[in-house]
Amino acid sequence: MTPTPPDEALPIPPDEALIAGAWRRGAGAPTETVDPATGRPLATVHAATVEEVAEAAEAAARAAADPRWRDLLPHQRARLLTRIAELIDAEGGRLAALQTADTGKALTETRALVASAAGTFRYTAAALETAEEAITPARGAYVTMSVYEPIGVVGAINPWNSPVASDAQKLAPALAGGNAVLLKPADWTPLVSLALGRLVTRALDELGLPTALLAVLPGRGSVVGDAIVRDPRVGKVSFTGGTSTGRTLAHAAAEKLMPVSLELGGKSPTVVLADADVEQALAGVMFGVFSSSGQSCIAGSRLFVARALYDDFVGELAERVRKLRVGPGTDPATQVAPLVHHRHRDAVAAYVDLARAEGARVLAGGAVPEGEEYADGAYYLPTLLDGLPNSARVCQEEIFGPVLVALPFDDEDDLVAQADASVYGLACGIWTRDHRAAWRIARRIDAGTVWINTYKQFSISTPFGGMKDSGLGREKGRDGIRQYQRQKSLYWGTSESPLPWAN
Ligand code: NAD
């Protein structure tokens, strides 16, 4: 294992935003970003202002129309993505260390996220080079073609939980589609996006492309994010974040009749049938909710266990949850790292207090860990609750922390009714040896992704997105690039004679 770099070696980017192709300090308010493992300030980042967003959008529109970029053929654009992937790989260890410092996440996880970001650029380059346009069947004296063109300027707005991966998931297909991008990182975690922005600028420079093809604009969502969404030059916004923010953004987009893709919140059910391989299910349920300290949109945060197995399974689960190792993300032994911010930790703790008030049994955790080593960090113990009806707030609302609530079910109809009694529809896990039961349940449950005898596995080649309040649209997959393009139909006349009507 690569040794953890000392703090001094952290590649903290300078306090500069990428505006109109150049790095400079934003003219907006300063925000301190803090290492949640220690509470220690890492860096101060000045926000961009609304005027700077407009300046970046204007430069991005010019860059998107610049013949050096506009006239590139797909395989030539793919070269940019491949170069970005190489630069991410070369900087992988430093980017992972930076993300661990800024988000608190375990290094094992941030290393995987950085590798997946490079993989996303590489996959998208390959998809771009091999994407085909169609000649559609003609119904007259013409040849019809369906082609795809850039939108122009695209906004990419991301949350704080996995910045490097979510940035790559938007930047790669947006650039592949021939666009310029205005990227807004989350207020609590701007550092990785700023570091990634430097790599993209370097790749653009090396290839002689306009650097204004990317802007990185830190700042508050209600100011910088809102200005991106409302800017008349921005033709699409791809958003990942909470459902209520997504709804606000969709309203603003409706004013402009602008397409949006929304990757939103979740409260995903994990289902353990009576015939499940219990060892696999225990490991999968814990990984599904407690990895990333539960700060994952797809966290399997509602556990449904067949009533016949319920007491044994939940009892054993509680034992194991109590043994999970809580510690800093830099310790390779850590399973549950600190939460992203002390304020978020307090919000998670408030949900557990609410559960107690609603009558929950706390089977594991339910508190801040004790001990000197935890005193300054945003830690919370992995927590298992039960004894609540499915209608309780902690069974319905996204907590986005290491909190799992268990419920029994009687039969498949009862299970599906309970699982689907949620505004969300992002993901689902099913643990069973009965492939027919898995098929029936997987097809009935409202979820954009269903994992059967596994959980939280991700492939860039597989589309991802939510149903119901979990979102709109799909990212990833070969068609991911098409989400950042406009479709156009061309008719080529083949007749030797004039159109008959005019004669
Ligand atoms: P959030 O909605 O508060 O913020 C997300 C981003 O939107 C941030 O960059 C924020 O500054 C910006 N923003 C806020 N208000 C805005 C506005 N009015 N206009 C434009 N932008 C605005 O979410 P968060 O707290 O950063 O992240 C946690 C949420 O993200 C959870 O609900 C989680 O489920 C969700 N999430 C979803 C996915 C997915 O793929 N479905 C992935 C990760 C996280």
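**Close-up 1. A right-handed β-α-β unit built from E12, H10 and E13.** In this predicted model, strand E12 covers residues 269-272, helix H10 spans residues 278-290, and strand E13 takes in residues 302-306. E12 and E13 pair up in the parallel sense, with 4 bridges between them. Look for Val271, which sits opposite Phe304 of E13.

**Close-up 2. E13 and its parallel partner E16.** Strand E16 (residues 403-409) runs parallel to E13, and the two are joined by 5 bridges. Here the facing pair to pick out is Leu303 with Ala406 of E16.

**Close-up 3. Strand E13, covered on both faces.** Arg302, Phe304 and Ala306 are on one side, Leu303 and Val305 on the other, and every one of them is buried. Buried means under 20% relative accessible area. Since 5 of the 5 residues of E13 pass that test, the strand is largely enclosed by the rest of the structure.

**Close-up 4. A nonpolar patch on the surface.** Ile135, Val143 and Trp492 make up this patch, and together they offer about 330 Å² of accessible area. Ile135 belongs to strand E5, residues 134-136. Its relative accessibility is 63%, so Ile135 counts as exposed, the cut-off being over 50%.

**Close-up 5. The span that UniProt lists as "domain: Aldehyde dehydrogenase".** The label comes from an unreviewed entry and applies to residues 23-489. The C-alpha atoms at the two ends of this span are 40 Å apart. As for its make-up, the span is 42% helix and 20% strand.

Notes: Residues numbered from 1 in each chain as written. Predicted model: local features only at pLDDT ≥ 70, side-chain atom pairs only at ≥ 80, totals over all residues. Heavy atoms only, no water. Patch = residues over 30% accessible without salt bridge, like charges linked within 9 Å, V, L, I, M, F, W, Y side chains within 5 Å. Areas by Shrake-Rupley, 256 points an atom, 1.4 Å probe, with all protein chains shown as cover. Salt bridge = Lys/Arg side-chain N within 4 Å of Asp/Glu carboxyl O. Buried < 20%, exposed > 50% of the residue type's maximum accessible area, 1.4 Å probe, protein only. UniProt positions renumbered as here; feature names shortened; annotations may be inferred. Pairing = 2+ DSSP bridges. Right-handed = clockwise from strand over helix to strand, strands pointing away.
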